[in-house]
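Please read these points with the structure open beside you. They are meant as a plain walk through the model, one topic at a time.

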Amino acid sequence: MRDIVAAELLKLKNSKILWIVILAPAFMVMQGVINLVRYYDLFTGQGQNVWEQLYTQSMIFYVMILFPVLISVVMTLVTRIENTHYGWKQYLSLPVKKETVYTIKFVTACGLVFVNLLALIISMLIAGLFLGVEGNLPYQSLIGRPMATYLAALPIMAILYVLSIRYTQMTVPLGIGIGLALPAMVVANSKYWIIYPWTYPIMAALGGTMEIFRKGHLVYLTSIILLIVVFIYGVRNFSKSDIV
Amino acid sequence: MGEYFRLLKGEFLKQKKSFIWPVVVLTPLLGAFLSFCNLFFRYDYLMSLEHNQGHNSWQLLLNQHHFIWAFLLSLVATIIASHVHYLEYRSNSWKQALALPVSRANTYLAKWSVVLILNTLMISGNSIYLVAVGKGMGFTELLDVNLFLNYTAYQILAITSLIGIQSWLSTSLNNANVALAIGFVGVASSLFFAQSEQLAKFLPYAHMIYTLPDPTINNAIALYYGLTFGLIFLGFGIMFFKRKEIY
């Protein structure tokens, strides 16, 4: 098992994925900071908490567009080598258990998404210090909500991972990932958001201030259940599939 | 010229069994469906908003549709640009493709053209589906054909800059995901860029935002800067591709 983990990390070493997951949120925070500075009076004129405003400006487009799309990129990247040049055939002809391979790849991908959110939190903290924002750090916003966003996004990761394994063409998981992420921007503003898992990260990240988000605990429970169901489906499917 | 058309035909043959075609057909359908749902449930509310006063139903449809569509189209255009080049990396066929006695400029131009044609199909499909949405919802006002023709033309010109930069990145970077990630970050922050006209002019990811035919939006950015940057990046791409080392 340790060998498989080492092999997975080795494959990612030169893939530039770490740069992608670290720099992408940092760039979005930079955008948020520029916007906050530009409209500083508008956003803070009525005594609003500057940290909260920094969080909202950094998070709004990150969680609505970039985060779900980056999950698709990460999922296609962890299966990239196997999906090209008949890599699955070589990999699975080795004495390794399919279930272990599936699980380790998924955990690696989820770890990368976690690094992505950590980079977001750290970027916001650095941006706040750079701007000289005063007052107590709102840990709930800067750390709690991104963590909740991660939890809420777990089913999305599991679904896109299944698609990345199932289809060798990267267009499929990417296209479906985007095709399901964009409607979330519309659905999140309706009372039907609860039935659409792609809205969960948006609600977890931004819904704290919305009256509509009263079903937080239900979201996290649904996310965990969906994750388990999709993961079990994916493992079983992968174990039974023929590699040709 | 004959060589270019043969290469173009070859590029379309490569896409024959790919998932690009369902993506091209389904993307505008998804966009139109979202706008249909949005207007179906919220038409009266949206019409009652102050900033929509004086707009007819067709304008309301375009205004509501545009900000979802600008993101959706740009993201999918990014995928298509990467996909067309990724096919060569995936099957390790750059070496064979470039060892053939064909002009590298034509090879690059054929790939760029495929991306542009597929995007033009999506943009045209989007306009057709939107007209169908309006008719389906029973808009009483006459269809403003010019509004839709302008919207379609502006988008085709504006998307050339995004196609230009993404095709260039996809050729330069062996890892398709890096080009994709750069494109996705650019698209995700396009609305921020678009808040400043001066900045938006020089950022291909923001040009699509300026394609809505509305008196409050400066369409010249989409028209002139979109096309200019499209051609500049096409030139960069060809120059780079001519010098590309294939191992």
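1. Helices and strands here are DSSP runs, with at least four residues (H or I) for a helix and at least two (E) for a strand, numbered from the N terminus. On that basis chain A has eleven helices and zero strands. Its pattern along the sequence is accordingly α-α-α-α-α-α-α-α-α-α-α. Chain B has ten helices and, again, zero strands, and its pattern reads α-α-α-α-α-α-α-α-α-α.

2. Keep in mind that this is a predicted model. The scores for the model are an ipTM of 0.81 and a pTM of 0.88. In chain B the average pLDDT is 89, and 98% of the residues reach at least 70. Where in chain B is confidence lowest, and where is it highest? The lowest mean, 74, belongs to helix α4 (residues 94-99) of chain B, and the highest, 95, to helix α5 (residues 104-136) of chain B. As a general caution, predicted coordinates should not be read in detail where pLDDT is low.

3. Next, the overall dimensions of chain A. A compact globule of 244 residues would have a radius of gyration near 18 Å, and chain A has 19 Å, so the two agree. Along the principal axes, the C-alpha trace of chain A spans about 65 × 40 × 30 Å. Of the 244 residues in chain A, 43% count as buried. When contacts in chain A between residues at least 6 apart in sequence are taken, 79% of them join residues at least 24 apart.

4. Chain B can be treated in the same order. For its 247 residues the compact-globule value is near 18 Å, and the radius of gyration of chain B is 19 Å, which agrees. The C-alpha atoms of chain B fill a box of roughly 60 × 40 × 30 Å along the principal axes. Buried residues make up 47% of the 247 in chain B. For contacts in chain B between residues at least 6 apart in sequence, 79% join residues at least 24 apart.

5. Two helices can be checked against their expected length. Helix α7 (residues 98-131) of chain A has 34 residues; at 1.5 Å a residue it should span 50 Å, and its end C-alpha atoms are 50 Å apart, so the expectation is met. Just after α7(A), G132(A) takes a positive phi of about 70°. In chain B, α5(B) has 33 residues and reaches 48 Å from its first C-alpha to its last, close to the 48 Å expected at 1.5 Å a residue. Just after α5(B) comes G138(B), with a positive phi of about 75°.

6. How many residues of each chain take part in the contact between chain A and chain B? There are 29 residues of chain B in contact with 30 residues of chain A. On the chain B side, α2 (20-48), α3 (57-90), α7 (176-188) and α8 (190-194) each supply at least two residues. The most come from α3(B), which gives nine. By class, the side of chain B that touches chain A has 21 nonpolar, seven polar and one charged residues.

7. The largest nonpolar core has 146 residues, of which L66(A), V74(A), M157(A) and F184(B) touch the most other members. Helix α4 (residues 50-78) of chain A gives the most to this core, with 19 residues. Leaving aside neighbours within four places in sequence, V74(A) is in contact with I17(A), V21(A), A109(A), L112(A) and V113(A).

8. V133(A) lies in the loop between α7 and α8 (139-166) of chain A. Is V133(A) buried or partly exposed? V133(A) is partly exposed, because 17 other C-beta atoms are within 10 Å, while a buried residue needs 20 or more. V133(A) and V50(A) are 83 residues apart along the chain, yet their C-alpha atoms are separated by 6.6 Å. Neighbours within four places aside, V133(A) is in contact with V50(A), W51(A), L54(A) and G128(A).

9. The last residue to look up is Q90(A), in helix α6 (residues 87-92) of chain A. Q90(A) counts as exposed because it has 12 C-beta neighbours inside 10 Å, and the limit for exposed is 12 or fewer. Q90(A) and V69(A) are 21 residues apart along the chain, and their C-alpha atoms are separated by 29 Å.

Definitions and conventions
Residues numbered from 1 in each chain as written. Chains lettered and ligands numbered in written order. Predicted model: local features only at pLDDT ≥ 70, side-chain atom pairs only at ≥ 80, totals over all residues. Rg over C-alpha atoms; globule rule 2.2 N^0.38 Å. Contact = placed C-beta atoms within 7 Å. pLDDT = per-residue confidence, 0-100. Expected span 1.5 Å × (residues − 1). Nonpolar A, V, L, I, M, F, W, Y, C, P; charged D, E, K, R; others polar. Core = buried A, V, L, I, M, F, W, Y, C linked by C-beta atoms within 7 Å.
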